[in-house]
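Trainee: Hey, have you got a minute to look at a protein with me? I'd like to know how to read it.

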Amino acid sequence: MKFVVALALSGAILAVAACGGAEEPGVTADAVPDAVETDVAETEPVVLANGMTVAETISTRQENLKGMGGALKTVSDNVRSGSPDMAAIQAAAVTLKGHSENIGTWFPEGTGPESGLETDALPAIWEQPDEFAAAVERFQVAALALSTAAESGDAAAVGAAFRPTGGSCGGCHDSFRADDD
Ligand code: HEC
C-alpha cells in the first residue's frame, strides 16, 4: 500500500519533471515518498501485543475497573446490611479475584497520558514498575482472601476480608491514579 502510494507519487514527479516543472530546490523524488509514508503510518492505529489498539486497551481496562468498583460496592453494601446476600457477595468476589489476576496486564507501555487519550493512569506506573507490581500483588492477596471468605459463607469472615481489599484499591490509587475521587 505504502509502496504503491510512493510509486504513484514518484510517477507524478517524473511527469512534472518531464514537463520541466521540477526545478524548485529541495524537492526531490526521495523526500516526497518519505513524507507520504509518515502520513499513512499515522492513520493506521498501532496494534499492541495484546491484540488491541491503545484506545481499546484504555477503554477495556476502564470498563473492567468500573466493574471492580461495582463489585466492591456490592460487597460493601452487603457487609453493612443486617442480612447479607451471600450469593451476591460470592459473585462480586469472583469478579474481583478474576480481575486481580489480570490487572497487571492492563497497562502496557504507551497507554498512559502520553497517548493523548483520556486516562487517569499516572506515568508512575511505568516509572516505578516494582512499586506498581507490589500494589497489584497486594490486591491479588486481598481479593483471594475475600473470595475464600465468601465461599465459606461466613459473613464475619467476609467483613474481615473486605477492609484489606478496599485498602488495596486505595493503596494503588494513591500512587498510580490521577484525580482519585
Ligand atoms: C494496581 C493498581 C490498582 C488497583 C489494585 C486498583 N486500581 Fe482502580 N484504577 C487504577 C488506575 C491506574 C486507574 C485509572 C485507569 C485509567 O483511567 O486508565 C483506576 C481507575 C479506577 C476506576 C475508574 C474507572 C473509570 O475510568 O471509570 C475505578 C471505579 C476503580 N479504579 C476501582 C477500583 C477498585 C474498586 C479497586 C479494588 C477492588 C481498584 N480500583 C484497584 C489502578 C488500580
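Mentor: Sure, let's talk through the ligand site and then the confidence scores.

Trainee: Okay, where does the ligand sit?

Mentor: This is a predicted model, and in it the ligand takes up the space of the largest pocket. The elements that each give two or more residues to the shell around the ligand are α3 (54-80), α6 (129-152) and α7 (155-176).

Trainee: Which of those gives the largest share of the shell?

Mentor: That's α3, with 7 residues.

Trainee: And how many residues surround the ligand altogether, and which are the closest?

Mentor: There are 23, and the closest are Thr 119, Asp 120, Cys 169, Cys 172 and His 173. By class, the shell has 14 nonpolar, 5 polar and 4 charged residues.

Trainee: What about polar contacts with the ligand?

Mentor: His 173 has a polar side-chain atom 2.9 Å from a nitrogen atom of the ligand. For Arg 61, a side-chain N or O atom is 2.8 Å from a ligand oxygen. Gln 62 also puts a polar side-chain atom 2.9 Å from an oxygen atom of the ligand.

Trainee: Switching topic: what's the average pLDDT?

Mentor: The average is 85, and 76% of the residues score at least 70.

Trainee: Where does pLDDT stay under 50?

Mentor: Over residues 1-23, and for that stretch the model has 12 contacts beyond four places in sequence.

Technical notes. Residues are numbered from 1 along each chain as its sequence is written. This is a predicted model: local features need pLDDT of at least 70, side-chain atom pairs count only at pLDDT 80 or more; totals for chains, interfaces and linings use all residues. Side-chain values use heavy atoms; hydrogens and water are left out. pLDDT is the predictor's confidence in each residue, from 0 to 100. Contact means heavy atoms within 4.5 Å. A residue is near a molecule or strand if one of its heavy atoms lies within 4 Å of it. A polar contact is a pair of N or O atoms within 3.5 Å; within protein, one must be able to donate a hydrogen and the other to accept it, and residues adjacent in sequence count only if both atoms are side-chain atoms. On a 1 Å grid over the protein atoms alone, a cavity is a set of points where a 1.4 Å probe fits but cannot get out, and a pocket is an open set with protein on both sides within 12 Å along at least five of seven lines; lining residues have an atom within 4 Å of a point. A molecule sits in a cavity or pocket if more than half of its atoms lie within 2 Å of its grid points. Helices (H or I, at least four residues) and strands (E, at least two) are DSSP runs, numbered from the N terminus. Ala, Val, Leu, Ile, Met, Phe, Trp, Tyr, Cys and Pro count as nonpolar, Asp, Glu, Lys and Arg as charged, and the others, Gly among them, as polar.
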